[in-house]
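This report covers the metal sites, one helix pair and the nonpolar core of the model shown here.

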Amino acid sequence: MARNPVPVVLIGVGVLWLALSSDRPQPVADRRRAHRGSIPMQGEAVMAVSRENLTAWLRDAHAMENQAIEILEKQASRLEHYPELRAKVRTHLEESRRQAERVEHCLHQLGTDTSSLKTAAGKLIGTAQQLSGLFASDEVLKSGIADYAFEHYEIASYKMLIAAANEAGEHEVRRTLEENLREEEAMAEWLGQHLPEVTRQYLHREAAGKSAKV
Ligand code: MG
Ligand code: FE
C-alpha cells in the first residue's frame with residue numbers, strides 16, 4: 001500500500017546536490033591561469049583550492065543540518081507509540097542544532113560571513129521525507145528508512161569535509177567536523193541496531209489492533 005520511500009529520498013538527495021552545486025565560485029586554478037606569472041608552489045595551490053572548496057562545502061553542510069533539524073522536529077512531535085525512538089530523535093535533534101552551530105563556527109574561522117547562509121535548497125529533502133513518511137500507514141518505518149539514509153548522507157559529507165580541511169591545513173576545523181561525524185555515525189549505528197525492533201513493535205501493535213502508524 002505505502003510506496004517505498006527510498007527512491008524518493010534518493011531523488012531528494014540528488015536534487016539537493018544539484019541545487020547546492022549550482023553557484024560555486026570560479027575555481028582558484030582557473031583564476032590563477034588567467035594571471036600568469038604568479039604561480040605559487042604546488043602545496044600552496046592545493047591548500048588554496050582546498051580552503052575555497054571547504055568554505056563552499058561547509059555552506060552545503062549548514063543547509064544539510066538545517067534540513068536535518070526540520071525533519072527531526074517533525075518526528076519529535078509524533079512517534080507517540082515509539083517512545084524509545086522518539087527519545088533518540090529528540091536527542092539527535094539537540095545534537096543537530098549544535099552541529100549546525102559548529103559548522104557556522106568553522107565558517108567564521110575561515111573568515112566567512114554567515115549572514116547569507118542558504119536553507120531553501122535543503123527544503124527539497126524535507127518534502128521528499130514528508131512524501132515518504134507522513135501519508136504512509138507505516139509512517140514510523142518509512143521515517144526510519146529516511147533517517148537511516150539521511151545519516152549516511154551526513155556521514156559521507158563530513159568525511160569529505162574532513163579530508164578537505166586536512167588538505168587546507170585547517171586542523172581546528174577538521175577536529176570540529178570530526179565531532180559532528182562521530183555523532184552522525186553513532187546515530188546511524190543506533191538506527192541500524194534499533195530499526196528491526198521498531199519493525200517488530202509495529203507489527204505487534206498492528207496485529208493487536210492498536211494504532212501503529214506513529
Ligand atoms: Mg547532522
Ligand atoms: Fe544526523
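## Burial of two metal-binding glutamates

Glu65 has a relative accessibility of 0% in this predicted model. Because buried means under 20% relative accessible area, Glu65 counts as buried. Glu154, with a relative accessible area of 0%, is buried too.

## The magnesium site

Glu65 and Glu154 are both among the residues that coordinate the magnesium ion (ligand 1). The donor atoms come from Glu65 (OE, listed twice), Gln99 (OE1), Glu154 (OE) and Glu184 (OE), at 1.9 to 2.3 Å. Along the sequence, these donor residues follow the pattern E-x33-Q-x54-E-x29-E. The site links distant parts of the chain: Glu65 belongs to helix α3 (residues 42-76) and Glu154 to helix α6 (residues 139-167), 89 residues apart.

## The iron site and the bridge

The iron ion (ligand 2) is coordinated at 2.0 to 2.8 Å by His92 (NE2), Glu151 (OE, listed twice), Glu154 (OE) and Glu184 (OE). Its donors are spaced H-x58-E-x2-E-x29-E. His92 lies in helix α4 (residues 83-109) and Glu151 in helix α6, so this pair ties together parts of the chain that are 59 residues apart in sequence. Both His92 and Glu151 are buried.

Which residue bridges the magnesium ion (ligand 1) and the iron ion (ligand 2)? Glu154 does so, and the two ions lie 3.1 Å apart. Glu184 is listed among the donors of the magnesium ion and also among those of the iron ion.

## Packing of α3 against α6

Two packed helices are described by the angle between their axes and by the distance between those axes. For α3 and α6, the angle is about 160 degrees and the axes are 9 Å apart. Angles over 145 degrees count as roughly antiparallel, so α3 is roughly antiparallel to α6. The crossing of α3 and α6 is left-handed.

How do the residues of the contact of α3 with α6 divide into nonpolar, polar and charged? The contact has 16 nonpolar residues, five polar and four charged.

## The nonpolar core

The largest nonpolar core has 24 residues. Those with the most contacts inside this core are Leu54, Leu58, Met64, Tyr158, Leu161, Val173 and Leu177. At least two residues of the core come from each of α3, α4, α6 and α7 (171-207). Helix α6 supplies the largest share, eight residues. Helix α6 also holds Glu154 and Glu151.

Conventions
Residues are numbered from 1 along each chain as its sequence is written. Chains are lettered from A and ligands numbered from 1 in the order in which they are written. This is a predicted model: local features need pLDDT of at least 70, side-chain atom pairs count only at pLDDT 80 or more; totals for chains, interfaces and linings use all residues. Side-chain values use heavy atoms; hydrogens and water are left out. Donors are N, O and S atoms within 2.8 Å of the metal (3.2 Å for Na, K and Ca); water is not among the atoms, so sites may look incomplete. Helices (H or I, at least four residues) and strands (E, at least two) are DSSP runs, numbered from the N terminus. Buried means under 20% relative accessible area, exposed over 50%, partly exposed in between (1.4 Å probe, protein chains only). Axes are lines fitted to C-alpha atoms, for helices over the stretch in contact, and angles run from 0 to 180 degrees between N-to-C directions. Angles under 35 degrees count as roughly parallel, over 145 as roughly antiparallel, 65 to 115 as roughly perpendicular and the rest as oblique. A crossing is left-handed if the near helix is turned anticlockwise from the far one by less than a right angle, and right-handed if clockwise. Ala, Val, Leu, Ile, Met, Phe, Trp, Tyr, Cys and Pro count as nonpolar, Asp, Glu, Lys and Arg as charged, and the others, Gly among them, as polar. A nonpolar core is a set of buried Ala, Val, Leu, Ile, Met, Phe, Trp, Tyr and Cys residues joined through side-chain atoms within 4.5 Å.
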